[in-house]
Amino acid sequence: MALRRAGMVLAVSGTTVAGALLMLGIMAGDGLTLLEAGILALFAPSFAWISLAFWNGVAGFSLQLLRLDPLTLERRPAPGKVGEGSAPLRSRVALVMPTYNEDPERVVAGLLASLDAAASTGHGEAFEAILLSDTSDPAIGRREEELVAGLPIRYRRRPANTGRKAGNIAEFCDRWGAEYDLMVILDADSLMGGDTVVELVRRMEANPGVGLIQTVPIPARQETPLGRFVQFASALYSPMLAAGQAFWQGDAGNYWGHNAILRVEPFSRHARLPVLSGAPPLGGEVLSHDFVEAALLRRAGWQVVLAADLTGSWEEVPGNLVDFAVRERRWAQGSLQHLRLLGVGGFHPVSRLHLLLGAVNYLASTLWLLLLLLGTVYVLAPGGHGPMVMESLPGSGLGEGILDRLGAGWLSLLGVTAVILFLPKALGVVLAVLRRRREFGGAVRLAAGALLETVHSIVMAPVMMLWHTAFVGGVLAGQNVTWGPQIREGRAVGWREALRRSGWMSAVGMAWAAAIGVLAPLFLLWMSPILVGLVAAPALVRLSGIASWGDRLRRMGLLHTPAERTPPPEHRLRTFPPPSDSSPSSLRTELRIHAERSPIPAHTP
């Protein structure tokens, strides 16, 4: 494992140094100016970030192509074979679903589906379903109680959401934890296959030093365009990328907060969250609990493992960009809090890396934006000697000698960057064509879906760049965010809301494009992937949640996933009679109002 980690460090750092030297060679022909030094300082960490994803993909592709287990490197006979063996389970297992003002029908139906799936394996006696409610809305709370009455679900409702989800689970461990050996943590939108949860229990029983096993949740049951793009990309690429992560993480893996199995006693004893000094948003209670709990378990000597080979683990995602961004805002604040925990004593180095990378996921957008802005200044500044300055070429098109001005170094750097960004996607498609093309509707539909998803990700990248930058700026400016219920069902976003949420991005994109168009028209071609996404941001937000467009993609045979073509049993959710005192639609309206109170920036900070 030490060699694997050293190899990954050398691969990422070597790629980063090579890219930085290439950039240095482009800019330092006449000596390095202050502006060029700033560009280089921003370029190096940005290039390191995409290099890590690249090498994760390469490692995962190699392991899956050779059918090697990413932890043991032993050859696997076939992927996805889980739940074999009829020996009774020795452990008592709680299927734990915390909920807070969520859609009660969806919550109860999902928990029952996972319980029924476990029972269908013949090991149902080992499992008990637990619904831990922190619901504060009286109507939703009454509906929860009405639904669980007469069902095989153990129900508890706290009077206050103390400590949020982590506090909810901690209270369960204190109250009922001694009754169970293991617990499978489910989110309100989680679904787990029966063979998968049984295999998780068997692995925990066979490895007494393991404290937590995290599966790879794949989005499912999505109807809107955004949901279908995320669902398709996750089904296609996540298993490969997770295998690459597991290869070097080893027994110091991470926890994503749900769709994982934990050993109750050590989790209760060692994974209590600290309270950070100072006030929110960077102080107070830790908002994102999962990374920290994994680090605390590993510090106590318990192994934390990513089971990249297991299928049958599902989740849902917000169905439009507004609700998606609301969730990202919460995660951004929690991830930036993690930077304050990097110096905590006893943490495993890989655990510290998880905490750092979670924050870098948002900080990288800020670095990218600053890099683009400095690059634009470098090209447009009067008297600058950037390779794309075109004082003599306004309105003259490409002109002669422009390639000489660009220099071979720029083209080489562009090519290398494109390979690092897009080769992992290509490798994921190759694996799917070789092993799972029928599950995606055939090679042609698979390739067409992958191409469409790549275009979507390119257009979406600058939109998320500005949102992430705004989130980071908001946190650093002291803007706290509350953790309310999520809207998990897709909803359409009207033009007014789309403009209110993202119109400022369009204004930024048009102003940026106008400045470049006047001073250096050719540079518009270079910047077009960024500017198109920004200018179109309100339209992207509007279209992201229109379910009929998602249905149109489905009928065209695009973005199909294996779980959509052959739905597993746990995806067939039970329906319930309407509530006695209010209609389901009124409850959903109340949930929507709760979620819409969670803010994201409506204009540029």
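The following exercises, with worked solutions, concern the sheet and helix packing of a predicted model.

Residues are numbered from 1 along each chain as its sequence is written, and side-chain values use heavy atoms, with hydrogens and water left out. In this predicted model, local features need pLDDT of at least 70 and side-chain atom pairs count only at pLDDT 80 or more, while totals for chains, interfaces and linings use all residues.

**Exercise 1. Determine the strand order of the open sheet and identify its edge strands.**

Step 1. Helices (H or I, at least four residues) and strands (E, at least two) are DSSP runs, numbered from the N terminus. Two strands pair if DSSP finds at least two bridges between them.

Step 2. The open sheet has seven strands in the order β3-β2-β1-β4-β8-β6-β11, and its pairing is mixed.

Step 3. β3 and β11 (303-306) are the edge strands, each pairing on one side only. From one strand to the next, the twist averages 20°, where angles run from 0 to 180 degrees between N-to-C directions and axes are lines fitted to C-alpha atoms, for helices over the stretch in contact.

**Exercise 2. Describe the surroundings of strand β2 (residues 127-133) and the connections to its neighbours.**

Step 1. Six of the seven residues of β2 are buried (under 20% relative accessible area, with a 1.4 Å probe and protein chains only). The strand is therefore largely enclosed by the rest of the structure.

Step 2. β2 pairs with β1 (residues 93-99) in the parallel sense over seven bridges; L95 has A129 of β2 as its bridge partner. The chain passes from β1 through helix α3 (residues 104-123) to β2 in a right-handed β-α-β crossover. Right-handed here signifies that, with the strands pointing away from the viewer, the path from the first strand over the helix to the second runs clockwise.

Step 3. β2 also runs parallel to β3 (residues 153-157), joined by five bridges, and Y155 in β3 is the bridge partner of L131. The β-α-β crossover from β2 through helix α4 (residues 138-148) to β3 is right-handed.

**Exercise 3. Establish how helices α11 (residues 349-380) and α15 (residues 523-535) pack.**

Step 1. The two helices pack at an angle of about 165°, with their axes 12 Å apart.

Step 2. Angles over 145 degrees count as roughly antiparallel, so α11 and α15 are roughly antiparallel to each other.

Step 3. W368, L372, G375, T376 and V379 in α11 meet F523, M527 and I530 in α15, contact being heavy atoms within 4.5 Å.

How values were computed
Buried means under 20% relative accessible area, exposed over 50%, partly exposed in between (1.4 Å probe, protein chains only). Angles under 35 degrees count as roughly parallel, over 145 as roughly antiparallel, 65 to 115 as roughly perpendicular and the rest as oblique.
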